[in-house]
Amino acid sequence: MNTKILSTDEYDIALAGEIIRNGGLVAFPTETVYGLGANALDDHAVKKIYAAKGRPSDNPLIVHISKKEDIVPLVKEITPKAQALIDAFFPSPLTIILPKSGIIGNTVSGGLDTVAVRMPENEIARKLIQAAGCPIAAPSANTSGLPSPTKAKYVIDDMNGRIDAVIDGGDCKFGVESTVITLVPDTPVILRPGAVTQEMIEAVIGRVSIDKAVLEGMKNDETAASPGMKYKHYSPKTKVVIVNADKGEYENFVNARKNAAALCYEGDNVTIKKVTYGREEDALSQARELFDALRRLDEIGVGKVYARIPQTNGVGMAVYNRLIRAAAFNVIDLKKPFTIGLTGQTGAGKGFVCRYFRELGFTVIDSDAVVKYIYAQNAELLRRLCDEFGQDIIEKGVLDRKRLAEIVFNDSVKLKKLNSIVHPAVMEECKKRAHGLCVLDAPQLFEAGAQRDCYKIISVTAPTGLRMQRIIERDGITADMAMSRINAQLSEEFYTDHSDFVIKNDGSDIKIQIDRILEEIL
């Protein structure tokens with residue numbers, strides 16, 4: 001198919017209208033994004049939209065009108081709340097959903113008994129609808145799943161040869177699709193946020209709610225009542241991960257990443273490759289630039305993109321809604337401890353692993369140091385230990401850890417009792433020290449049940465002979481004592497079976513192993 005590139009003069013708009021009227025497809029500008037239009041009353045023409053986009057057929061389309069009164073034949077009834085919104089906002093980036101009339105086919109409505117209708121603010125769009133002489137069904141004019149196009153050139157990139165024509169009307173004003181609200185329930189529900197915010201709508205019709213899928217997504221078996229609810233949307237080819245962090249934490253995090261880029265705000269101090277999408281305190285600028293920024297990410301050639309999280313109020317909700325779908329709901333939350341559990345066999349070389357994690361910007365929580373702190377500060381815990389294991393574990397008022405180890409390491413019952421006393425206090429202190437990106441260095445991670453508080457578990461293993469040598473040199477003990485400690489631990493098979501990743505300290509490059517693990521985790 002030869003796709004015509006049309007201007008916005010009267011002749012070209014008339015030609016585009018004729019194409020629509022005759023069952024063809026035309027991409028056209030609106031104030032939100034470019035739409036891919038067909039005659040909304042021609043089921044065969046509407047099916048061409050789904051084919052051109054590769055769009056799932058259960059995803060409903062929005063019907064665009066040029067005058068307020070054009071909505072009347074499309075719906076069963078215009079309710080008082082619908083009329084109030086029409087009077088207040090049409091034309092604008094607001095779509096309302098009402099029960100459909102008999103002239104709306106199942107293809108447009110995605111098989112639902114409702115229809116979504118809006119009157120675009122963009123004058124070129126309204127002129128096209130008038131020239132076509134029919135309402136126009138139009139989703140965004142992009143290949144399904146990719147970022148919606150805010151410039152004609154992105155439409156041409158995606159749709160050249162698939163559709164009849166593109167009207168080049170310059171850049172779109174708002175940059176995210178329209179707000180969609182259903183007026184079918186007693187309390188209207190916003191299904192997709194946009195430039196017309198919840199606060200603006202409530203000022204006209206009173207309370208409205210926000211569908212949970214706006215921020216959380218939908219389950220596979222749920223029915224989408226609006227475009228953009230169900231499927232992964234707006235995503236570049238590069239993998240996007242959202243980072244929930246304050247400005248400084250975000251900057252520190254992304255600047256430590258390798259083979260990655262940042263999707264951030266203007267003024268963020270980022271030293272890796274970056275693409276900006278607006279200003280931090282200006283959600284309208286973020287909305288206007290987001291889809292263009294997502295498109296540009298694929299041009300800089302990185303494996304992963306870390307996006308700074310937007311606000312979720314006002315227009316910011318619309319930006320977050322699009323970005324969370326572009327990221328397929330992958331979020332790293334640095335406002336809560338993001339803890340990787342590090343464990344493994346004694347003498348396997350966790351110390352080297354911890355040092356490298358520190359170089360990469362992680363806070364390493366040394367559980368052994370925490371144990372020493374607990375023993376020194378917690379008088380009640382020391383009393384309980386003395387009651388259980390005898391007063392001779394105290395030397396000059398200080399716990400003799402070597403003596404305590406001799407008592408418990410060859411007695412599984414006593415070892416279990418020691419763990420039951422010490423582990424809860426240790427884990428409580430570890431949680432107090434956790435912030436941002438953390439590594440919990442815990443030889444007895446599983447025994448303490450600490451794996452439940454960790455995002456991922458990494459175990460370090462090494463050959464038995466190498467471990468024996470390290471333990472003897474490190475602790476100044478005999479070979480028999482070293483082997484006793486090895487035998488008191490969980491087996492290598494246990495660590496392998498119960499960990500997400502295993503670092504093998506057998507001569508292989510440990511840093512390369514860690515980098516590969518972090519590439520997958522982060």
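**Exercise 1. Place strands S13 and S14 in their sheet and find the helices that pack on it.**

Step 1. Strand S13 (residues 260-264) pairs with S14 in the parallel sense over four bridges. Strands pair here if DSSP finds at least two bridges between them. Helices (H or I, at least four residues) and strands (E, at least two) are DSSP runs, numbered from the N terminus. The model is predicted: local features need pLDDT of at least 70 and side-chain atom pairs pLDDT 80 or more, while totals for chains, interfaces and linings use all residues. Residues are numbered from 1 along each chain as its sequence is written, and side-chain values use heavy atoms, leaving out hydrogens and water.

Step 2. Find one bridge between the two strands: Ala 261 has Lys 273 in S14 as its bridge partner.

Step 3. Widen the view to the open sheet, which has five strands in the order S14-S13-S15-S12-S16, with parallel pairing. Strand S14 (273-276) and strand S16 (331-333) are the edge strands, each pairing on one side only. From one strand to the next, the twist averages 25°.

Step 4. Add the helices. Helix H9 (residues 247-255) lies across strand S12 (239-244), S13, strand S15 (304-308) and S16, and runs at about 170° to S15. Helix H10 (residues 283-297) also packs on the sheet; H10 touches S13, S14 and S15, and its direction makes about 155° with that of S14. Contact means heavy atoms within 4.5 Å. Axes are lines fitted to C-alpha atoms, for helices over the stretch in contact, and angles run from 0 to 180 degrees between N-to-C directions.

**Exercise 2. Locate three salt bridges and state how accessible each partner is.**

Step 1. Set the criteria. A salt bridge needs a side-chain nitrogen of Lys or Arg within 4 Å of a carboxyl oxygen of Asp or Glu. Buried means under 20% relative accessible area, exposed over 50%, and partly exposed in between (1.4 Å probe, protein chains only). The whole structure holds 24 salt bridges.

Step 2. Lys 173 and Glu 121 meet at 2.9 Å, N to O. Lys 173 is in the loop between strand S8 (165-167) and strand S9 (179-182), Glu 121 in the loop between strand S6 (114-118) and helix H5 (123-132), so the pair, 52 residues apart, links distant parts of the chain. Lys 173 is partly exposed at 47% relative accessibility, and Glu 121 is partly exposed at 29%.

Step 3. Asp 387 and Arg 383 form a salt bridge at 2.7 Å, N to O. Both lie in helix H14 (residues 379-389), four residues apart, about one turn of the helix. Asp 387 is exposed at 54%; Arg 383 is partly exposed at 42%.

Step 4. In the salt bridge of Arg 433 with Glu 429, the closest N and O atoms are 3.0 Å apart. These two residues lie in helix H16 (residues 412-433), again four residues apart. Arg 433 is partly exposed at 31%, whereas Glu 429 is buried at 13%.

**Exercise 3. Explain why strand S17 counts as largely enclosed, and name its neighbours.**

Step 1. Seven of the seven residues of S17 (residues 338-344) are buried, so the rest of the structure largely encloses this strand.

Step 2. Sort the residues by face. In a regular strand, side chains alternate between the two faces of the sheet. Phe 338, Ile 340, Leu 342 and Gly 344 are buried on one side of S17, and Thr 339, Gly 341 and Thr 343 on the other.

Step 3. Name the partners. S17 pairs in the parallel sense with strand S21 (residues 437-441) over five bridges, and Ile 340 stands opposite Val 439. Five bridges also join S17 to strand S22 (residues 456-461), running parallel, with Leu 342 opposite Ile 458.
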